[in-house]
Amino acid sequence: MPVRSTIHKVVVIGGGYAGTLAANRLRKRDDVGITLVNPRPRFIERMRLHQFVAGTGGATADYGSLLGEGIDLVVDSATRIDTAARTVRLASGRDLDYDYVIYAVGSTAAIPPSVPGVAEFAVSIAEWESAQRVRARLDELPPDAPVTVVGAGLTGIETAAELAEQRRRITLVCGGILAPSLSASTRRSVFRWLSRHGVAVLESAAVTDVRQHDVVLADADVRPSALTIWAAGFGVPELAATSGLRTDELGRLRTDETLASIDNARIVATGDAAAPSGQPMRMSSQAAAPLGAQAADTVLSRIAGTEPAVIDFAFTGSCVSLGRHNGVRQFARKDDSALNMYLGGRAVAAYKELTCKLGLFKIRLEARRPGSMPWPKGGTRPEQPVSPARAVASS
């Protein structure tokens with residue numbers, strides 16, 4: 001095939017599950033110059049960070065084994081997208097020209113300013129650097145030192161379970177219902193496993209103050225805590241907002257159903273940092289790969305001069321590991337609402353390990369055969385009117 005003379009420059013900001021897969025999928029055309037910007041030189045398997053902090057597994061992979069030929073990896077951080085000049089400013093001072101940007105910055109820990117002491121004394125496991133701090137702190141503590149995990153979503157549960165299986169003394173402060181995204185029967189199963197493994201599950205309790213050696217609960221109860229791990233929700237980087245692009249209340253880039261920014265169709269969001277139609281999908285690795293593929297396809301459609309397809313993705317449920325030898329598989333409707341049906345036990349632990357491996361397999365599949373990754377479809381999404389973003393596609 002003859003090489004085309006015009007190279008369409010695409011900058012992918014963020015090298016997580018969505019961004020890395022999107023970069024590989026862009027190779028469906030040979031006239032696309034792809035630059036992947038990521039602050040770290042290695043890929044972080046966020047699905048395994050709870051294993052990393054407990055010392056039961058690693059959580060990094062080599063980009064050399066994930067990226068297809070011709071993709072330029074730039075280890076740096078994006079600080080601003082200049083939509084007028086069509087450049088991405090990097091922390092190093094370098095500017096990258098672009099024709100399109102895929103905004104795949106992912107998510108970060110949410111540190112609430114309303115709770116004193118969180119920033120000073122709690123540590124999250126939402127990112128690699130903070131997970132390393134948790135791991136180092138745990139290595140310094142005796143096995144019977146009290147450890148508090150704040151947040152009863154899936155991340156908090158998996159972290160508490162992983163540490164409990166290592167015979168750590170764990171308190172899980174839920175701030176409400178344990179695992180609210182799961183069905184009642186699945187929650188009961190998770191609660192029983194945690195209780196059997198010595199985890200003190202405080203469903204109705206909420207943390208109002210974090211101190212160096214303890215936490216204060218809403219009822220004024222003071223609990224000793226040699227290490228407080230914060231797993232109560234996620235935030236997103238502020239790059240979109242600081243670049244003058246409209247975001248939702250959490251900071252996710254507001255897009256239409258093709259994932260194009262409602263302000264500028266040359267900016268296409270994906271993964272945790274996208275808010276299509278103001279109704280973002282659950283932050284998850286399950287949604288990351290399909291959204292990464294969708295973002296790449298939207299850019300490729302723009303280059304080809306064709307109308308991009310709208311999001312077509314269906315959730316199938318969620319899988320929660322409970323240590324290395326157990327887990328629960330929650331089944332769900334295509335709109336991600338939980339069914340009163342689940343599986344548990346060692347087979348589910350093996351299945352969860354398989355899903356973690358599949359996260360990297362999908363990326364490598366796109367590197368070998370761009371455009372080949374399948375995903376479940378048919379989920380419910382809002383009706384999509386003609387987007388204002390399409391009017392600026394040629395700007």
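Me: How many bridges join strand β15 to β16?

Reply: This is a predicted model, in which local features need pLDDT of at least 70, side-chain atom pairs count only at pLDDT 80 or more, and totals for chains, interfaces and linings use all residues. Residues are numbered from 1 along each chain as its sequence is written, and side-chain values use heavy atoms, with hydrogens and water left out. Strands (DSSP runs of E, at least two residues) and helices (DSSP runs of H or I, at least four) are numbered from the N terminus, and two strands pair if DSSP finds at least two bridges between them. In β15 (residues 207–210), V207 stands opposite L217 of β16, and since these strands run antiparallel, the chain directions are opposed along a pairing whose number of bridges is three.

Me: Which residue takes a positive phi in the hairpin of β16 and β17?

Reply: Strand β17 (residues 222–224) runs antiparallel to β16 and is joined to it by three bridges, with V222 as the bridge partner of V216. The hairpin has four residues between these strands, and the residue with a positive phi, near 75°, is A220.

Me: Which residues of β16 are buried on the side opposite D214 and V216?

Reply: Buried means under 20% relative accessible area, whereas over 50% is exposed and anything in between is partly exposed, using a 1.4 Å probe and protein chains only. Both faces of β16 (residues 214–217) are covered, with D214 and V216 buried on one side. The buried residues on the other side are V215 and L217.

Me: Why is helix α1 described as largely enclosed, and how many of its residues are buried?

Reply: The cover over the buried residues of α1 includes strands β1, β2, β3 and β9 as well as helices α8 and α9. Among the buried residues are Y17, L21 and R25. Helix α1 (residues 17–25) is largely enclosed by the rest of the structure because its count of buried residues is nine of the nine.

Me: Which word describes how α1 and α8 are oriented to each other?

Reply: Axes are lines fitted to C-alpha atoms, for helices over the stretch in contact (heavy atoms within 4.5 Å), and angles run from 0 to 180 degrees between N-to-C directions. The axes of α1 and α8 come within 7 Å and cross at roughly 40°. Angles under 35 degrees count as roughly parallel, over 145 as roughly antiparallel, 65 to 115 as roughly perpendicular, and the rest as oblique. The word for α1 and α8 is therefore oblique.

Me: At roughly what angle do the axes of α1 and α9 cross?

Reply: The contact is made by residues including Y17 and N24 of α1 and G359 and K362 of α9. Helix α1 is roughly parallel to α9, and their axes, which come within 7 Å, cross at roughly 20°.

Me: Which residue's side chain is joined to that of E162 by a polar contact?

Reply: E162 is found in helix α5 (residues 154–165) and is buried, with a relative accessible area of 0%. Leaving aside neighbours within four places in sequence, its contacts include H50, Q51 and S321. A polar contact is a pair of N or O atoms within 3.5 Å; within protein, one must be able to donate a hydrogen and the other to accept it, and residues adjacent in sequence count only if both atoms are side-chain atoms. At 2.8 Å, the side-chain partner of E162 is R324.
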